[in-house]
Amino acid sequence: MAAGCTGKHQPDEQSLENGSPTNQYVSQEAPDEVGGAEDEHTPEPDTRASDAAKLSVVVGGEVKLETSLEHEIATFDGTEYTIEPFGVTFAVRTDMGEPVVEGDSILFSRDLSGIATISYEVMENTSLNEAVARELQDHDGSFSGEFIDTTSKGELRGKHNQYKEDSVFAGVFFYEFDRHVLRIKYQCPIAAVDAMIRIVNETVDSVRWEGN
């Protein structure tokens, strides 16, 4: 969970019920190649391009997300999403808006005393340790401490750390599943820390993989 949320009531597992998938998708699709009229043979498809074209977000059912708010349990409306073709599922508060696919990332954003964002990205064929090493290399000297172990309620092993930023509250989670890693990055203005900690804790607790 995000640091600073001490005494947080963990969401009840029964509140994160599996929603029935609908036919709603948010996808990142590559444009179709148009072959010449004189081509006699259909070219072999580019496997890497085909894999990228399959990236989509399947909108699932509505869920109730519980969190501790001023020593009381508060319930918020949430929505489940599944990242295909990887089969990894997470839930996030409905008021974080609709998902937007930007390259390899799925982005949610809303106004919390300024722009607050949560992004989800699958790092293919990557181990948990490799994901952490890459993050440390890409953001050398940017973290406030060591990565700490965490586990989602879906029993996925993970790592978490926070960036040392003065003007924003930001950090990253990694969760390992199958042969891949789900990277979750969050950021918000310092003034919105209390609200964002709860939102982040709810979504990371919900992460699960259908193969478990």
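## Residue E202 in helix α3

E202 is located in helix α3. The model is a predicted one. With a relative accessibility of 1%, E202 falls under the 20% limit and therefore counts as buried. Leaving out residues up to four places away in sequence, E202 touches L65, E66, T67, F76 and R93.

## The nonpolar cores

Helix α3 also contributes to the largest nonpolar core, which comprises 36 residues. Within this core, the residues with the most contacts are I83, I118, Y120, L182, I184 and M196. Two or more core residues come from each of β2 (56-69), β3 (72-84), β4 (88-93), β6 (105-111), β7 (115-123), β10 (168-177), β11 (180-189) and α3 (193-206). The largest share, six residues, is that of α3. In soluble globular proteins, nonpolar side chains tend to be buried together.

I184 illustrates the surroundings of one such residue: apart from neighbours within four places in sequence, I184 is in contact with I118, S119, Y120, G171, V172, F173, Y175, V204 and V207. A second core, separate from this one, has twelve residues, among them A131, F143, F147 and F174.

## The seven-stranded sheet

Seven strands form an open sheet in the order β5-β6-β7-β11-β10-β9-β8, and their pairing is antiparallel. Because β5 (100-102) and β8 (148-151) are the edge strands and each has a single partner, one side of each lacks a neighbour in the sheet. On average, and with direction ignored, neighbouring strands are turned by 25° against each other.

Strands of a sheet pair through backbone hydrogen bonds, either parallel or antiparallel. Here, β10 and β11 are paired in the antiparallel sense over ten bridges. The bridge partner of F174 is R183 in β11.

## Helices against the sheet

Helix α2 lies across β7, β9, β10 and β11 and runs at about 155° to β10. Helix α3 also packs on the sheet, where it touches β6, β7, β10 and β11. The direction of α3 makes about 165° with that of β11.

In helix α2 (residues 128-138), the buried residues are L128, A131, V132 and E135. Viewed down the axis of α2, these buried residues fall within an arc of 95°, so they line one face of the helix. The buried residues of α2 pack against β7, β9 (157-162), β10 and β11, whereas N129 and Q137 are exposed on the other side of α2.

How values were computed:
Residues numbered from 1 in each chain as written. Predicted model: local features only at pLDDT ≥ 70, side-chain atom pairs only at ≥ 80, totals over all residues. Heavy atoms only, no water. Core = buried A, V, L, I, M, F, W, Y, C linked by side-chain atoms within 4.5 Å. Buried < 20%, exposed > 50% of the residue type's maximum accessible area, 1.4 Å probe, protein only. Helix = DSSP H or I, 4+ residues; strand = E, 2+ residues; numbered from the N terminus. Contact = heavy atoms within 4.5 Å. Arc of directions from axis to C-beta. Pairing = 2+ DSSP bridges. Axes fitted to C-alpha atoms, helices over the stretch in contact; angles between N-to-C directions.
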